[in-house]
Amino acid sequence: MTRARRWGWLGTLLAAAALLGGCATPLRLEHTVRSQAAWAPAGRPAAGDRYLFERLPSQRSGDALREQNALESLAEPVLATHGLQRAEAAPGAAVSAVPWGVQLVARSVKYPYAPWDAPEPRPGWMPYGQIVVGRGVVTSLGLQWQVRPPYYVRELALTVRDRRSGEVVYETRATQDGPWADAPTLWRALVEAALQGFPDPPSGPRRVVIEAPRR
């Protein structure tokens with residue numbers, strides 16, 4: 001392959017990537033979800049029941065508090081679709097009479113590349129003077145060769161506690177991974193996946209697909 005053809009081929013790939021990046025098709029997000037319910041004989045949440053968000057000590061200050069506020073704001077409308085109303089949003093609500101407590105714990109890990117990506121040697125024709133970026137290289141001409149995007153793994157755990165008995169009566173955990181950086185759309189999809197089937201979820205692990213708009 002001549003040098004001119006090499007540069008032309010790389011230029012075509014970069015142009016195609018730019019076009020694909022601009023597509024408005026929704027993201028198809030796959031989640032692994034596992035849920036368990038242990039509702040008391042007295043009953044389970046009914047439409048219109050109120051809840052409070054409960055927080056761990058580590059979620060009550062600094063950056064963690066801001067992140068928790070954002071996460072709870074995303075979860076609130078999802079919980080509303082399942083008939084639960086946040087107590088703080090109910091005028092005149094007596095906190096002591098709120099029957100349910102909801103706790104959210106989230107974790108996001110960023111990796112330099114996907115776990116199945118193998119190291120790629122520099123092509124023999126690649127000119128020297130390149131800068132290594134992640135798992136790829138950028139030449140002095142600005143052209144890229146097999147640049148690997150970062151890879152993210154996100155996990156959300158949600159529990160529901162019966163505040164009258166103090167018992168945790170529902171727990172669910174959802175995981176999501178892919179090359180997309182953290183964004184509200186992705187976290188909302190995690191909450192939706194985690195609550196799929198609430199309040200009577202299927203037993204065992206399951207795959208939940210959520211389509212989310214690109215932002």
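Which side chain does the side chain of S35 join through a polar contact of 3.2 Å? The partner is R206, whose side chain meets that of S35 at this distance. The answer comes from a predicted model, and it is worth asking first how much confidence the prediction carries. Averaged over the protein, the pLDDT is 81, with 72% of the residues reaching 70 or more. Residues 1-22 fall below a pLDDT of 50, and in the model this stretch has 12 contacts beyond near neighbours in sequence. Residues 130-135 are likewise below 50, and for this stretch the model shows 17 contacts beyond near neighbours in sequence.

To return to S35, this residue belongs to strand 1, which covers residues 27-37. With a relative accessible area of 5%, S35 is counted as buried, because that value lies under the 20% cut-off. Besides the contact with R206, the side chain of S35 makes a polar contact of 2.7 Å with the side chain of T172. Once residues up to four places away in sequence are set aside, the surroundings of S35 consist of Y170, E171, T172, A194, P201, P202 and R206. Both polar partners, T172 and R206, therefore appear among the residues that S35 touches, and S35 itself is buried.

Strand 1 also contains E30, which leads to the charged pairs of the model. The count of salt bridges comes to 14. One of them joins the side chains of R207 and E30, with N and O 2.8 Å apart. This pair connects distant parts of the chain, since R207 is in strand 10 (residues 206-212) and E30 in strand 1, with their positions 177 residues apart in sequence. The two partners fall into separate accessibility classes, because R207, at 54% relative accessibility, counts as exposed, while E30, at 43%, counts as partly exposed.

A further salt bridge is formed by R161 and E54, whose closest N and O atoms are 2.4 Å apart. Here R161 comes from strand 8 (residues 151-162) and E54 from strand 2 (residues 50-54), so that the bridge ties together parts of the chain 107 residues apart in sequence. R161 is partly exposed, its relative accessible area being 24%.

Strand 8 takes part in another such pair through E155, which forms a salt bridge with R173, and there the closest N and O atoms lie 3.7 Å apart. R173 sits in strand 9 (residues 167-178), and 18 residues separate the pair in sequence. With a relative accessible area of 41%, R173 is partly exposed. Apart from these pairs, salt bridges with shared partners join R55, E72, E76 and R86 into one network.

Within that network, is R86 buried or exposed? R86 is buried, because its relative accessible area of 17% stays under the 20% cut-off. R86 is placed in strand 3, which spans residues 85-86. The side chain of R86 is joined to that of E76 by a polar contact of 3.2 Å. Leaving aside neighbours within four places in sequence, R86 is in contact with Y51, F53, E72 and E76. The acidic residues E72 and E76 thus occur both in the salt-bridge network and among the contacts of R86.

Note on methods. Residues numbered from 1 in each chain as written. Predicted model: local features only at pLDDT ≥ 70, side-chain atom pairs only at ≥ 80, totals over all residues. Heavy atoms only, no water. pLDDT = per-residue confidence, 0-100. Contact = heavy atoms within 4.5 Å. Helix = DSSP H or I, 4+ residues; strand = E, 2+ residues; numbered from the N terminus. Buried < 20%, exposed > 50% of the residue type's maximum accessible area, 1.4 Å probe, protein only. Polar contact = N/O pair within 3.5 Å; in protein donor to acceptor, adjacent residues only side chain to side chain. Salt bridge = Lys/Arg side-chain N within 4 Å of Asp/Glu carboxyl O.
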